[in-house]
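Visitor: I'm new to reading protein structures. Could you walk me through one, feature by feature?

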Amino acid sequence: DLFGEPYRPQIHFSPKLHWTNDPNGMVYYKGVYHLFFQHYPAGTVWGPMHWGHATSKDLVHWQEQPIALYPDSLGYIFSGSAVADVNNTSGFGKDGKPPLVAIFTHHDPKGEKEKSDKFQNQSLAYSLDDGKAWTKYEGNPVLRNPGITDFRDPKVMWYEAGKKWIMTLATKDRITFYSSPNLKEWNLESEFGKDLGAHGGVWECPDLFPLSLNGKQYWILIVSINPGGPNGGSATQYFVGDFDGKNFRPRDTTVRWIDYGPDDYAGITWSNTGSRKIFLGWMSNWIYANEVPTEKWRNAMTIPRELSLKKEGQNILVASTPVKELGVITTGKSVSLSKLDIGKGDLSDKTGSLPGQFELKITGKLLKDFSLELSDVNGEKLKIGFDSKVNAYYIDRVNSGQTDFNKEFAARHTAARLTAGKAFDLTLIVDRASVELFADNGLTVMSSIFFSKQPFTKLSATAEESLLVDELRITPLKSIWK
Ligand code: FRU
């Protein structure tokens, strides 16, 4: 029963079978969202990497497609991006048809074994049938390694002001920017980040794009790091600043995270979506990604999230919210409780048995500590709340079910609240084996996976003084596979 297995995500993309890690090559073209993904089609652990492929017309329902890129004599196909080369700068286009071009890292396992420092190089593949079939460029690699062991994960964008392509590349402990007129020849522009940001691990999977706030444009640089995340293992930091076609300059030196939870890594945005920026990450963590207790497939992606900027005091912060397209799977049968004054209590008489997958939204006034508990018939539970002593939201999966596959899995993770007001809002997207928390209009985000034997059916809430809830709404979400 594909997609009906224990722990199978019902509203998130996961491959039918076998292993996935990073999302790759995300490009929107002719009404279709392409999602490629790091894939090992012969096993449920990391192995020789391919680019798997899935497509969607609504960012919610996904159709898996044939594998797009296979390893070859230059190596495995590591992470990268894809662009619509509408002006045919690359010359790959034919008969007026522009190419889609994928820019990825060729990782040569032989070179790695021989301890060469040049085993990661950037290469191209193109498609002339809107993303179905892919041909590797015979001139690969197009950007050769100058002698940096970690030299990978190219994210390419068209920089209109300079009429050139910009490649943002993860180069060990920093980002290196390159530019190109044609995607084939690359010139070094600058480096960023050696002495800035979090450095608990190697830098990977960057992204660079503009976002506007009140008519002013800012540039966002996203950088994943592994390990060194705020709750351990892999996580994704971001910088807000300026980019002039050569240098990126951050506005300040504070370390900030796209998602403070343990399970959102290597996320990047879709290209060719205009000013709208849609982000999606890999919903796992390198600490235990190879060990999570699923049998036929391993790991899934987050919900696509729309990114925007918000001003908090002097700071410009990135906020994430689930894409509005999720509305296509709401059933209209939501339960809404209003003007609740929560002391302590089982809310299940009011909410009924929780649906399989749902969105839970609370708006109200944050006075002291509060927590929500999702639990199942066996008493396995997930605790989600706010801890006023440390001014942080948390997700506690210590007693959430199966946790013994890795000793670091059972933990309580926290994320600072980034706004001061008493009014708060919290949205949870709960799937069979994951919860994504978006607090304060998406300023604080946390994603966490879990493995309860049974789905959580019961909701209870506890508040230290009282939690004044204007509304608590539970909206069932239909499985995307049925
Ligand atoms: C990040 C990463 C990338 C690399 C890929 C290999 O999770 O390590 O840096 O390209 O995974 O699968």
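Visitor: What lies 3.0 Å from an N or O atom in the side chain of Glu-204?

Guide: That's an oxygen atom of the ligand. To read a ligand site, look for N and O atoms of the protein that come within 3.5 Å of N or O atoms of the ligand. Keep in mind that this is a predicted model. Gln-38 also has a side-chain N or O atom in such a contact, at 2.7 Å from a ligand oxygen. With Ser-79, the contact comes from a backbone N or O atom, 3.2 Å from an oxygen of the ligand.

Visitor: How much of the ligand's exposed area does the protein bury?

Guide: On its own, the ligand exposes 320 Å², and the protein buries 95% of that. The residues around the ligand include Asn-21, Asp-22, Trp-46, Arg-152, Asp-153 and Trp-286.

Visitor: Which strands each supply at least two residues of that shell?

Guide: Strand 1 (18–29), strand 5 (76–84) and strand 9 (151–159) do.

Visitor: Okay, on to sheets. How do strands hold on to each other in a sheet?

Guide: Strands pair through backbone hydrogen bonds, and the pairing is either parallel or antiparallel. Here, 4 strands make an open sheet, in the order 18-19-21-22, with antiparallel pairing. Strand 18 (265–269) and strand 22 (315–322) sit at the edges with a single partner strand each, so one side of each has no neighbour in the sheet. On average, neighbouring strands of this sheet are turned by 40 degrees against each other, if you ignore direction.

Visitor: How many bridges join strand 18 and strand 19?

Guide: There are 3 bridges, and the two strands run antiparallel. You can look for Thr-269, which stands opposite Phe-279 in strand 19.

Visitor: And what about the two faces of a strand?

Guide: In a regular strand, side chains alternate between the two faces of the sheet. Try strand 28 (residues 412–416): His-413 and Ala-415 are on its covered face, while Arg-412, Thr-414 and Ala-416 are on the uncovered one.

Visitor: Which residue of strand 28 is the bridge partner of Ala-392?

Guide: It's Ala-416. Strand 27 (residues 392–396) pairs with strand 28 over 5 bridges, in the antiparallel sense.

Visitor: Last one: what pLDDT does the chain average?

Guide: The average is 96, and 99% of the residues score at least 70. For the complex, the predictor gives an ipTM of 0.99 and a pTM of 0.98.

Terms used
Residues numbered from 1 in each chain as written. Predicted model: local features only at pLDDT ≥ 70, side-chain atom pairs only at ≥ 80, totals over all residues. Heavy atoms only, no water. Buried < 20%, exposed > 50% of the residue type's maximum accessible area, 1.4 Å probe, protein only. Pairing = 2+ DSSP bridges. pLDDT = per-residue confidence, 0-100. Axes fitted to C-alpha atoms, helices over the stretch in contact; angles between N-to-C directions. Near = heavy atom within 4 Å. Polar contact = N/O pair within 3.5 Å; in protein donor to acceptor, adjacent residues only side chain to side chain. Areas by Shrake-Rupley, 256 points an atom, 1.4 Å probe, with all protein chains shown as cover.
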